[in-house]
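Here is a short set of exercises on reading a protein model. Try each task yourself, then follow the solution step by step.

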Amino acid sequence: MSGTNDRIVVGVDGSPEAEAALRWANAAAQRNGATLDVVTAWSLPAAFSWDVGAYGIDWQGDAEKSLQASLDRVFGSERPANLRTFALEGDPAHCLVEHAKGAQMLVVGNRGRGGFLGLLLGSVSSKCAAHAKCPVLIVHADDDVPAE
């Protein structure tokens, strides 16, 4: 991670809100000449905390595939040249806040795959807004990216 203010970080989890956040983050990165860091995070479910290898599950690989699928849905084969991807192990909010240190901005969807669907603001976006050391943009799935 760069310590300079030349990155925009976006969290993705495959949800429509996260993909809207990815579109917004890309637009901001293009306008500001910033690097676009696309981050997904994964952690072992509590039930799998013991002897995970016995199940043959590739948690890291699955996270990377999910991230690539989001990129495909948003950009198709035309990926931005300034894009970098990260599939990190750990609590999603913590991973995003840590990765966004020194960034211009952190962009997240208002709610994602987990939790209670009725919540207006998801736990990850709420934690990011409360703890990030940079501005945080929270995007709804139906938010249009503003014209230049």
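## Exercise 1: The buried side of helix 3

**Task.** Find which residues of helix 3 are buried, and what they pack against.

**Solution.**
Step 1. In helix 3, the buried residues are A93, C95, L96, V97 and H99. Buried means under 20% relative accessible area, exposed means over 50%, and partly exposed lies in between (1.4 Å probe, protein chains only). Helices (H or I, at least four residues) and strands (E, at least two) are DSSP runs, numbered from the N terminus.

Step 2. These buried residues pack against strand 1, strand 2, strand 3 (83-89), strand 4 (105-109) and helix 4. Contact here means heavy atoms within 4.5 Å.

Before you go on, a word on the source: this is a predicted model, in which local features need pLDDT of at least 70 and side-chain atom pairs count only at pLDDT 80 or more, while totals for chains, interfaces and linings use all residues. Residues are numbered from 1 along each chain as its sequence is written, and side-chain values use heavy atoms, with hydrogens and water left out.

## Exercise 2: The whole chain

**Task.** Describe the order of helices and strands, and say what share of the chain is buried.

**Solution.**
Step 1. Count the elements: the chain has four helices and five strands.

Step 2. Walk along the sequence, and the pattern reads β-α-β-α-β-α-β-α-β.

Step 3. Turn to burial: 39% of the 148 residues count as buried.

Step 4. Look at contacts between residues at least 6 apart in sequence: 75% of them join residues at least 24 apart.

## Exercise 3: Two helix pairs

**Task.** For helix 1 with helix 2, and for helix 3 with helix 4, give the packing angle, the handedness and the residues that meet.

**Solution.**
Step 1. Helix 1 (residues 16-32) packs with helix 2 (residues 59-75) at about 65 degrees, and their axes are 10 Å apart. Axes are lines fitted to C-alpha atoms, for helices over the stretch in contact, and angles run from 0 to 180 degrees between N-to-C directions.

Step 2. The crossing of helix 1 and helix 2 is right-handed. A crossing is left-handed if the near helix is turned anticlockwise from the far one by less than a right angle, and right-handed if clockwise.

Step 3. From helix 1, E19, L22, R23 and N26 meet S70, L71, R73, V74 and F75 of helix 2. By class, this contact has four nonpolar, two polar and three charged residues. Ala, Val, Leu, Ile, Met, Phe, Trp, Tyr, Cys and Pro count as nonpolar, Asp, Glu, Lys and Arg as charged, and the others, Gly among them, as polar.

Step 4. Now the other pair: helix 3 (residues 92-99) and helix 4 (residues 123-131) pack at about 35 degrees, with axes 9 Å apart. Their crossing is right-handed.

Step 5. Here P92, A93, L96 and V97 of helix 3 meet V124, K127, C128 and H131 of helix 4. This contact has six nonpolar residues, one polar and one charged.

## Exercise 4: The nonpolar cores

**Task.** Find which residues touch the most other members of the largest nonpolar core, and which element supplies its largest share.

**Solution.**
Step 1. A nonpolar core is a set of buried Ala, Val, Leu, Ile, Met, Phe, Trp, Tyr and Cys residues joined through side-chain atoms within 4.5 Å. In soluble globular proteins, nonpolar side chains tend to be buried together.

Step 2. The largest core has 20 residues, and V10, L22, L36 and V38 touch the most other members. Strand 1 (7-11), helix 1, strand 2 (35-42) and helix 2 each supply at least two residues of this core. Its largest share, seven residues, comes from helix 1.

Step 3. A second, separate core has 12 residues, including L96, A100, A103 and A132.

## Exercise 5: Two alanines

**Task.** Are A29 and A41 buried or partly exposed, and what does each one touch?

**Solution.**
Step 1. A29 lies in helix 1. A29 counts as buried because its relative accessibility is 1%.

Step 2. Leaving aside neighbours within four places in sequence, A29 is in contact with I8, A34, L36 and N82. The C-alpha atoms of A29 and N82 are 8.2 Å apart, although 53 residues separate them along the chain.

Step 3. A41 sits in strand 2. With 22% relative accessibility, A41 counts as partly exposed.

Step 4. Not counting residues up to four places away in sequence, A41 touches L88, G90, P92 and C95.
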